[in-house]
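Open the model in your viewer and keep the sequence panel visible. The stops below are given in the order in which to select them.

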Amino acid sequence: MPKFGRDDEDWSRLLEAGREFLIERAKLGNFTSYTELNAVLERRIGLGFDFNQDADRFTMGQLLGEISKEHMEEIGQRFMISSLVYYLNQNDVGPGFYKEAIELGLLKPKKDRLKFWIDQHKAVFAYYSKK
């Protein structure tokens with residue numbers, strides 16, 4: 001069954017490649033942008049997103065949400081690796097990041113989002129600095 005217009009195999013490849021890249025960035029203590037992540041996906045597996053399309057911007061957010069959930073389950077930690085992905089030329093992540101954090105019970109509505117984001121990426125960097 002297609003997921004966000006992608007077949008299961010392509011969706012799995014996007015999840016795996018995205019996760020691997022974010023872990024690479026975390027180990028280096030670096031952020032990435034949606035644009036860079038998309039370019040890496042296209043280069044590594046030949047799949048990417050057209051950010052001129054609302055549906056593809058939404059789907060990138062869904063991909064990052066799934067990557068974060070699977071990553072948290074795998075390592076047994078309560079931080080979102082997707083906190084490393086920000087808007088190019090802006091100092092913030094997408095609104096889907098905060099929505100996902102609320103749904104996961106990591107962020108309470110109406111709390112300081114910027115502080116939450118900072119705490120999240122600090123936790124990611126701290127975890128991977130020991131790896």
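The tour goes through one helix, its packing partner and then two single residues.

This is a predicted model, in which local features need pLDDT of at least 70 and side-chain atom pairs count only at pLDDT 80 or more, while totals for chains, interfaces and linings use all residues. Residues are numbered from 1 along each chain as its sequence is written, and side-chain values use heavy atoms, with hydrogens and water left out.

**Stop 1: helix α2**

Select residues 34–45, which form helix α2. Helices here are DSSP runs of H or I with at least four residues, strands are runs of E with at least two, and both are numbered from the N terminus. The end C-alpha atoms of α2 are 16 Å apart, which agrees with the 16 Å expected for twelve residues at 1.5 Å a residue; the expected span is 1.5 Å times one less than the number of residues.

Now colour Y34, L37, N38, V40, L41 and I45, the buried residues of α2. Buried means under 20% relative accessible area, exposed over 50%, and partly exposed in between, with a 1.4 Å probe and protein chains only. These residues cover an arc of only 160° around the axis, so they sit on the same side of α2; the arc is taken from the directions from the helix axis to the C-beta atoms. They pack against α1 (8–28), β1 (32–33), α3 (54–75) and β2 (85–86), where contact means heavy atoms within 4.5 Å.

Step past the end of the helix to G46, which follows α2 and has a positive phi, near 75°.

**Stop 2: α2 against α3**

Add α3 to the selection. The two helices pack at an angle of about 85° with their axes 12 Å apart; axes are lines fitted to C-alpha atoms, for helices over the stretch in contact, and angles run from 0 to 180 degrees between N-to-C directions. Show the side chains of Y34, L37, N38 and L41 in α2, which meet M60, L63 and L64 in α3.

**Stop 3: E100**

Select E100, in helix α4 (residues 95–103). Is E100 buried or exposed? At 12% relative accessibility, E100 counts as buried. Leaving out residues up to four places away in sequence, E100 touches G65, K69 and M80.

**Stop 4: R113**

Finish at R113, in helix α5 (residues 113–129). R113 counts as partly exposed because its relative accessibility is 38%. Beyond its neighbours within four places in sequence, R113 is in contact with Y98, I102 and L107.
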